[in-house]
Amino acid sequence: MTVNVKQRVDKPKTGKGKRALEKREPKLIENTKQCLFLHGQKTSETVRQCVKDIHALKTPNGQLLTRKSPYLPFEDILPVERLLQKHDSSLFAVATHSKKRPDNLILGRMFDRHILDMVELGITNFKSLKDFKNAKVSSGTKPCMVFCGSDFEDVTEFQKLKNYLIDFFRGVEATDVRLQGFEHALLFTVIQGNVLIRSYRILLKKSGTKVPRVELEEIGPSMTLVLRRTRFASDDLMKRACKQPKQLKTKKVKNKSKDVFGTKFGRVHMTKQDISKLQTRKVKALRKTPIKKNTTKSVPNSGEPMETSQE
Amino acid sequence: MNDFAITDCWVRKNIPQCNMEEDTAARIQEILDKTTEEIKSVAVNKEVELAIDVGNLLVSDENALDEKLIRDPVTSDEYLRGLARDGVQALLTKIWELPSHQIDNSVYVKLPKPTTRLPREKPLPKGPILTKWEQYAREKGITRRKKEKKLWDETLKRWVPRYGYRKAQADKEKTWVLEVPGNVNPYEDQFEKRSKLKKEKVAKNEYQRLRNIARQNKIEVPKVGVTGSNFATPRELGQAMHHAKHATASKGKFQAEIPGEKKARGMGKKRKVEFTTGDGEQEKKRCLDILNKLDKPGLNLDLAINKQIKDENVDESLKRIGGKKYGRRSKMGGRHRTRSDYKGDKQGKGFNKILKGKKGKGKTRQAAAAGSQKKKAGKFDSTFKKSMGAGSVGANKNRGGKKGSKG
């Protein structure tokens, strides 16, 4: 990967520093988005536990900073932006609690070190990971996400929230996955403006076929979220953020196919064949007859008078 | 599916046949329960088909939800779990269909690329942007020459790196003494001079690097005034103010003076005051330099040769045509006649007519110039009059008057 360190104004002084900076440079294939979990000036037990639980689900791609700080992202995003830049993270969750907005969870993401979009969610009916006394999933597993409810497709706000939740929970962009490794499932259901979140452990049971029968066991956390304030990215910015690198775009495979037996076929396009020059079998009958020779000669014969005139 | 049905029937058939104790019956019941649990269907039936993005392990279910069941706290958990189960089952069924391979006794599948478009964390990486030199080299076709990393040092009798680690050390070892050149001040510290030169080189390089960055990012770098450094000296600020003030259409002529404003220093050339005592040699050289500058005709060989050739040509042609080569111009203002003029005379084809016509049409150049001068003088007069508040008195007269009054 070519990283253009030349463009930096302040030059790194040590090799180690240089490498650390190179790590933060934009890359063609990006690393997994890191998340910061923050506490505002005032927090409630519920929202604190909620942030802690989500952090537990996000490990190792999250960091929980529990010091009280007056973060109010909707009023002033700059301190959060600065902190995220420092930690090279692009997702954040801030826990706050006030009389006006009790049990408040602010979720947001960044693009190019600046805020892209954020949503404010009120937490109700919260049940922690601890409240479910059972075995949990191992940390760092990629969850299966299920989104239920037509509002996730029809209502713009929930569409964008869905996009955010996918980005937040999807974890590592995996290519090879172990079939027995599917452990965790998240359910997001939208109903009448509320988003219900449930988290399950996947149990793979025998079904008699190759595909196992899926059973689920709730492990927590579970909660109901109410959408409060939002600040979504403009279409223009979103378009810019979603730009795909040319190198990663897949090229359409043309003129290649496979049949049922796995034999590979290629279609070759050719120019029109010149049949007149085709070498065929020499048969006496097809040879040019002397009469034919005469006829072919007769054409230049017509030019004879011209020759004479030239003389 | 049919297989399960068969096994189901087989179990049911067998139960009534065996007449055992209640204990065993219970056990059988247990086994039966287990088997029925195991053979639950894998199929997922939904009204609207689930949209699955396998790359993100994502399932979107657009089916209508049963509000009543969700509202009721008793049934809601079960209902939601059913929803999740169906989604996950559909997803895993799709994943299990993917081509698999084995690594270390466990089965892996290759996930396809995610279809849901998500924003990036950072913008796309920019390709290497050429510096000014690199661009120039590319245009000129200059390729990089490989230089040896180490050079043989004659004085140290060993290989010394061209740059980097141990280069400075070797330099220090080598230059423990420095020669004072004959033409410089003998009391000048040569070591200091050397280090200063080096520092300047480094600074220049850094400046060029920054300028390249500015160019690459399309930042306009101001050439005068305060150029964005943290500290600006009063002198720099003064200069910046001067430039700002003079950046009007009338070059700052009508800009109001700020109370207590000082004129910017260092804008013009500063006169160098020479020492009157001391170095006689220097003074002599200075004077001679001035003399040299004053009158130095010098011979332009090309010009001289061209002139000679031209003269010869003119002579020859005159000989052929017959005529006079003009001699010295009369002090009374004789007109310079060219070769073509003579031609006209000889041929007598109304050349003089044309000349006459020209004469009659307008003023000569000199006359025109004089007229314009007059005009200018008139203008000046009027403005001057205005400012002086005098009525019909001419400029010259006025000046004379002033002198007179003073006397």
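This is a chat about a predicted model of two chains, A and B.

Visitor: Hi! What's the secondary structure of each chain, to begin with?
Guide: Chain A has 8 helices and 13 strands. Chain B comes to 14 helices and 6 strands.

Visitor: And how much of each chain is buried?
Guide: In chain A, buried residues make up 30% of the 311 residues. In chain B, they make up 7% of the 407 residues.

Visitor: What about contacts between residues far apart in sequence?
Guide: Take the contacts in chain A with a separation of 6 or more: 65% of them are between residues 24 or more positions apart. For chain B, of the contacts between residues at least 6 apart, 37% join residues at least 24 apart.

Visitor: OK, on to where the chains touch. How many residues does each chain put in?
Guide: Chain A gives 63 residues to the contact and chain B gives 52 residues. On the side of chain A that touches chain B, several elements supply at least two residues each, including β6 (144–148), α5 (156–169), β9 (194–205) and α6 (235–241).

Visitor: What kinds of residues are on that side of chain A?
Guide: There are 31 nonpolar, 13 polar and 19 charged residues on the side of chain A that touches chain B.

Visitor: Which strand of chain B does β6(A) pair with?
Guide: That would be strand β2 of chain B, residues 58–61. The two pair in the parallel sense, over 4 bridges. If you want a spot to look at, A:Phe147 stands opposite B:Ser60 in β2(B).

Visitor: What else pairs with β2(B)?
Guide: Strand β1 of chain B, residues 51–53, is joined to β2(B) by 3 bridges, and these two run antiparallel. Here B:Ala51 stands opposite B:Ser60. So B:Ser60 has A:Phe147 opposite it in one pairing and B:Ala51 in the other. In general, strands of a sheet pair through backbone hydrogen bonds, either parallel or antiparallel.

Visitor: What's between β1(B) and β2(B)?
Guide: The two form a hairpin with 4 residues between them. B:Leu57, in the turn, has a positive phi of about 50 degrees.

Visitor: Are the faces of β2(B) covered or open?
Guide: Both are covered. B:Leu58 and B:Ser60 are buried on one side, and B:Val59 and B:Asp61 are buried on the other. As a rule, side chains in a regular strand alternate between the two faces of the sheet.

Visitor: Switching topic: which residues touch the most others in the largest nonpolar core?
Guide: That core has 73 residues, and the ones touching the most other members are A:Ala93, A:Met145, A:Val146, A:Ala185, A:Leu187 and B:Val88. Helix α4 of chain B, residues 73–96, contributes the largest share of the core, 8 residues.

Visitor: What is A:Met145 in contact with?
Guide: Leaving aside neighbours within four places in sequence, A:Met145 contacts A:Ile166, A:Phe169 and A:Leu186, plus B:Leu57, B:Leu58 and B:Val59.

Visitor: Back to α4(B). How many residues does it have, and how far does it reach?
Guide: α4(B) has 24 residues and reaches 35 Å from its first C-alpha to its last, close to the 34 Å expected. Its buried residues include B:Leu80, B:Leu83, B:Val88 and B:Ile95.

Visitor: Which strands make up the sheet with β7(A) in it?
Guide: It's an open sheet of 3 strands in the order β7(A)-β4(B)-β3(B), with antiparallel pairing. The edge strands are β7 of chain A and β3 (100–103) of chain B, each pairing on one side only. Neighbouring strands here are turned by 40 degrees against each other on average, direction ignored.

Visitor: How many bridges join β7(A) to β4(B)?
Guide: There are 3 bridges between β7(A) and β4(B), which covers residues 106–110. A:Arg178 stands opposite B:Tyr108 there.

Visitor: Now B:Arg120. Why does it count as buried?
Guide: B:Arg120 counts as buried because it has 20 C-beta neighbours inside 10 Å, and 20 or more is the cut-off. Its place is in the loop between β4 and α5 (132–140) of chain B. Not counting residues up to four places away in sequence, B:Arg120 touches A:Glu30, A:Phe111 and A:Ala241.

Visitor: Last one: where is B:Lys174, and what does it touch?
Guide: B:Lys174 lies in helix α6 of chain B, residues 167–174. Beyond residues up to four places away in sequence, B:Lys174 touches B:Asp153, B:Thr155 and B:Leu156. B:Lys174 counts as partly exposed because it has 13 C-beta neighbours inside 10 Å.

Methods:
Residues numbered from 1 in each chain as written. Chains lettered and ligands numbered in written order. Predicted model: local features only at pLDDT ≥ 70, side-chain atom pairs only at ≥ 80, totals over all residues. Contact = placed C-beta atoms within 7 Å. Nonpolar A, V, L, I, M, F, W, Y, C, P; charged D, E, K, R; others polar. Pairing = 2+ DSSP bridges. Buried ≥ 20, exposed ≤ 12 C-beta atoms within 10 Å, placed from the backbone. Core = buried A, V, L, I, M, F, W, Y, C linked by C-beta atoms within 7 Å. Axes fitted to C-alpha atoms, helices over the stretch in contact; angles between N-to-C directions. Expected span 1.5 Å × (residues − 1).
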